[in-house]
Amino acid sequence: MDRGRQSDLRGEAEARRAGDPGKKGALEPALDGEIAAELNRLLGAEGPASFDFGALERGLREGVLAAAAKILQQVLNADSSDQASADRPCACGRPARFAGRHDKWITTLFGRMRLSRAYYHCTGCGTGFYPRDREWGLEGSALSPGLTRLVGRVAAEVSFGSSSELLRELAGVAVDAKQVERSAEALGEAIARDEREQVLASSPTAGTMYLGLDGTGLPVRPAECAGRPGKQPDGSARTREVKLVQVWTASRPSPEGPVQREAGSVSYSAAVESVACADTERDLSAFAQRVEREAKRRGFDRAARQVVLGDGAAWIWNLVSEVFPRAIQIVDLFHARERLWKVAQERYGPDNELRGVWARRRCEELEAGPVEPVITALQALGGAEAAAAAGYFRNNRHRMRYATFRRMGLGVASGVVEAGCKQVVGARLKRSGMHWTVAGGNAILALRCCLLSGRFEDFWARREQAGNRLIVFSTTDPRAESAGPQGDPESKYVVGGR
Ligand SMILES: [Zn+2]
């Protein structure tokens with residue numbers, strides 16, 4: 001999204017925020033007095049000198065947050081325009097009637113507060129709804145929009161448990177790990193939907209643009225890979241493959257130096273997603289469509305020169321031939337070199353100095369010109385690993401003309417593709433003890449890709465424009481939500497709320 005449009009959206013959102021509740025005027029004097037009393041109590045009669053600095057800071061933050069929660073509660077609950085009409089259309093098509101106001105406990109950036117909202121009930125289908133919950137993204141959720149954003153920001157980086165600890169320490173808000181998980185996944189799902197629906201085409205940012213494709217295993221719960229073949233000794237699987245597409249630009253800082261990725265130019269999109277399409281289907285596979293969307297968003301699809309980097313996996317090149325028929329295909333030199341070292345290791349063992357001599361020699365040949373001398377050397381070496389590698393180099397030889405590619409000014413030894421999988425997937429989703437559902441993993445991947453690609457702000461601007469309706473939580477019976485702290489189904493997720 002261009003910056004002008006972005007600030008338009010923010011402006012509209014701000015205008016809306018400044019709308020209804022603001023018209024109610026200044027705070028009631030009673031509340032003003034209450035806040036002053038709270039701060040006086042914290043500061044004490046003798047003034048701040050009697051306090052430990054750290055204790056004073058923390059205590060003041062707590063008091064200010066508690067006061068802010070009261071203000072927010074008063075401002076929000078002063079507005080009862082959500083009950084303005086006697087009935088509203090129900091999803092079933094019949095009218096739902098206003099049936100009183102109900103309170104719900106929610107957690108905001110300032111802690112817990114009680115929110116009063118109008119309830120509409122439809123006798124036709126026996127269900128009901130809270131218009132305000134829909135408007136503010138609170139259906140099935142007990143976290144305010146501001147806190148949901150914060151939760152998403154933290155949970156994209158660290159585990160749900162660590163997120164809960166960081167939120168308490170850094171923001172002074174109690175949200176337990178289970179609630180972090182629920183909210184972060186609902187947000188991730190909303191971001192994933194937004195990614196599919198919002199594909200704003202842009203112009204290429206460079207004459208030559210790069211696209212990388214790779215896959216890496218995501219550790220999943222047993223039910224998510226039941227019956228699938230895998231790498232375990234008994235032939236079963238413990239992982240599902242995350243497929244990642246990256247787009248970036250590169251340049252050569254000095255005329256003789258290597259081609260380097262331009263800092264900040266890389267964007268990511270990833271999911272556990274199929275690359276296979278039934279023969280009868282004319283649509284692209286789910287992942288191929290993801291690749292197409294990312295290419296369009298970045299202008300890769302219209303770049304004068306398209307370069308695709310990947311390892312030797314067949315699915316990558318099948319997809320590239322189908323989606324980008326004019327792209328220059330390159331096996332990432334990083335992967336090719338890795339393959340030669342693996343053969344050397346297999347043949348000579350880790351301690352034999354011939355291992356390094358052989359591998360370095362082959363790598364030099366590989367970069368000097370045609371691949372044929374490497375294939376000949378592999379065939380001469382003998383052994384299953386070398387024979388398999390000879391096939392790999394033969395099949396990919398047109399993708400390994402490294403000397404030619406370099407003369408064309410192309411980057412070949414990026415390591416970007418490899419690093420992308422580690423950064424997007426490994427650093428957050430492959431920590432020890434983590435086992436994901438596919439849906440949960442995909443939600444966090446969507447959240448992470450959005451952040452790492454610098455698109456988090458755009459998402460929130462669109463979300464505010466849509467009145468926070470982009471996030472859809474799994475809804476519980478709305479009447480059950482209104483019973484206050486004891487009967488509130490969300491309250492079990494909140495530790496020590498005020
Ligand atoms: Zn109905």
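**Helix packing, nonpolar cores and the surroundings of T239**

Helix α15, spanning residues 416-429, packs against helix α16, spanning residues 438-452, at an angle of about 125 degrees, and the axes of the two helices lie 10 Å apart. This angle makes α15 oblique to α16, and the crossing in which α15 passes α16 is right-handed. On the α15 side the contact is made by Q423, V424, R428 and L429, while α16 contributes G441, I444, L445, R448, C449 and L452. By residue class, the contact of α15 with α16 comprises six nonpolar, two polar and two charged residues. These descriptions, like those that follow, refer to a predicted model.

A further helix pair is formed by α12 (residues 372-381) and α13 (residues 384-395), which pack at an angle of about 165 degrees with their axes 8 Å apart. Because angles over 145 degrees count as roughly antiparallel, α12 and α13 are assigned to that class; their crossing is left-handed. In this pair, V374, I375, L378, Q379 and L381 of α12 meet A386, A389, A390, F393 and R394 of α13, a set of residues that divides into eight nonpolar, one polar and one charged.

With regard to the protein as a whole, 18 helices and eleven strands are present, and buried residues account for 34% of its 498 residues. Of the contacts with a separation of 6 or more, 66% join residues that are 24 or more positions apart. The largest nonpolar core contains 95 residues, and V151, A270 and L447 are those with the most contacts inside it. When residues up to four places away in sequence are not counted, A270 touches V242, K243, L244, V424, V425, L445 and C449; among these, V424 of α15 and both L445 and C449 of α16 also take part in the contact between those two helices. A second, separate core consists of seven residues, including A96, Y119, Y120 and C122.

Strand β6, which covers residues 239-248, contains T239. T239 is classed as buried because 20 other C-beta atoms lie within 10 Å, and 20 or more are required for that class. Once neighbours within four places in sequence are left aside, the contacts of T239 are with G217, L218, P219, V220, C225 and G230. For one of these partners, C225, the C-alpha to C-alpha distance from T239 is 6.9 Å, although the two residues are 14 residues apart in sequence.

Technical notes
Residues numbered from 1 in each chain as written. Predicted model: local features only at pLDDT ≥ 70, side-chain atom pairs only at ≥ 80, totals over all residues. Helix = DSSP H or I, 4+ residues; strand = E, 2+ residues; numbered from the N terminus. Buried ≥ 20, exposed ≤ 12 C-beta atoms within 10 Å, placed from the backbone. Contact = placed C-beta atoms within 7 Å. Axes fitted to C-alpha atoms, helices over the stretch in contact; angles between N-to-C directions. Parallel < 35°, antiparallel > 145°, perpendicular 65-115°, else oblique. Left-handed = near helix turned anticlockwise from the far one by under 90°. Nonpolar A, V, L, I, M, F, W, Y, C, P; charged D, E, K, R; others polar. Core = buried A, V, L, I, M, F, W, Y, C linked by C-beta atoms within 7 Å.
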